[in-house]
Amino acid sequence: QGDSPFGVTPQGSRQYRTGDLAEWAEPDGLRFLGRIDRQVKVGGYRIEPREVELAILLSVEQSLRIALQWKTPERGTNRKLSTLRFAARSFESHLTRTRVLADFGGYMHAIIDDNPHLAAEVRALREVREGLQVNFERIMVQLEIASADDSASFGQMCAEMERYLDDLERLSQKEMRLLQHSFVQEEGGSG
């Protein structure tokens, strides 16, 4: 059986993946060093803070989409504009937070660490995300100076915001596919 309580395993091999980082310290045995991911335990359940943040971002994005699609009578355009400003600022705040989380040890770094051959794809997606960020900042400036009285430019700005959200959704889907692809390669499966 060897020294392993789990049966015979070659020294240094992984017995099973838990996400815990530990080392063998003679004579005490295993010494817990932390987690290899960002999970925390809440009420006995492992929670990934990034997943919570993304769920919040999706909810805020949905409220922004609803505000954009809101059909108002001519005299209700001012209310729609103020609602859009509120929803867009909230979306911007959450988007900034998720971007900061991604920049500091996010899952894209893990993809490159585990699958260096995917680095070019990760860089390309990062460049697209940066371009979208510049576009969003431009739209936010337009939103801040928009006037509900100029219905043509207001409608154009709303259409640009909807296109931005659609582009962001497509990018997120590409990132998810890349993440799934990297997991399949790491585990040696086919999907």
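This passage describes the nonpolar core, helix H4 and the salt bridges of a predicted model.

The largest nonpolar core has 33 residues. Within this core, Leu64, Leu84, Phe91, Met161 and Tyr164 have the most contacts. Five helices each give two or more residues to the core: H1 (49-69), H2 (77-103), H3 (107-114), H4 and H5 (151-187). Helix H5 supplies the largest share, 10 residues. Methionine 161 touches Leu64, Leu68, Ala88, Phe136, Ile139 and Met140, leaving aside neighbours within four places in sequence.

Helix H4 covers residues 119-145. At 1.5 Å a residue, its 27 residues should span 39 Å. The end C-alpha atoms of H4 are 40 Å apart, which agrees with that expectation. Buried residues of H4 include Ala119, Val122, Leu125 and Leu132. Phe136, Ile139 and Met140 are also among the buried residues of H4, and these three are in contact with methionine 161. Glutamine 133 lies in H4 as well. Its relative accessible area is 13%, so glutamine 133 is buried. Beyond residues up to four places away in sequence, glutamine 133 touches Leu95 and Arg99.

The structure holds eight salt bridges. One of them joins arginine 65 and glutamate 169, with the closest N and O atoms 3.4 Å apart. This pair links distant parts of the chain. Arginine 65 is in helix H1 and glutamate 169 is in helix H5, 104 residues apart. Arginine 65 counts as buried because its relative accessibility is 12%, under the 20% limit. Glutamate 169, at 38%, counts as partly exposed. Arg65 and Glu169 also belong to a network of salt bridges with Glu61 and Asp166.

A salt bridge also forms between glutamate 160 and arginine 138, the closest N and O atoms being 2.8 Å apart. Glutamate 160 lies in helix H5 and arginine 138 in helix H4, so the bridge ties together parts that are 22 residues apart in sequence. Glutamate 160 is buried, with a relative accessible area of 12%. Arginine 138 has a relative accessibility of 37% and counts as partly exposed.

Another bridge lies within a single helix, H5. There, the side chains of arginine 170 and aspartate 167 meet at 2.3 Å, N to O. The two residues are three apart in helix H5, so about one helical turn separates them. Arginine 170 is partly exposed at 45% relative accessibility. Aspartate 167 is likewise partly exposed, at 30%.

Conventions: Residues numbered from 1 in each chain as written. Predicted model: local features only at pLDDT ≥ 70, side-chain atom pairs only at ≥ 80, totals over all residues. Heavy atoms only, no water. Helix = DSSP H or I, 4+ residues; strand = E, 2+ residues; numbered from the N terminus. Buried < 20%, exposed > 50% of the residue type's maximum accessible area, 1.4 Å probe, protein only. Contact = heavy atoms within 4.5 Å. Expected span 1.5 Å × (residues − 1). Core = buried A, V, L, I, M, F, W, Y, C linked by side-chain atoms within 4.5 Å. Salt bridge = Lys/Arg side-chain N within 4 Å of Asp/Glu carboxyl O.
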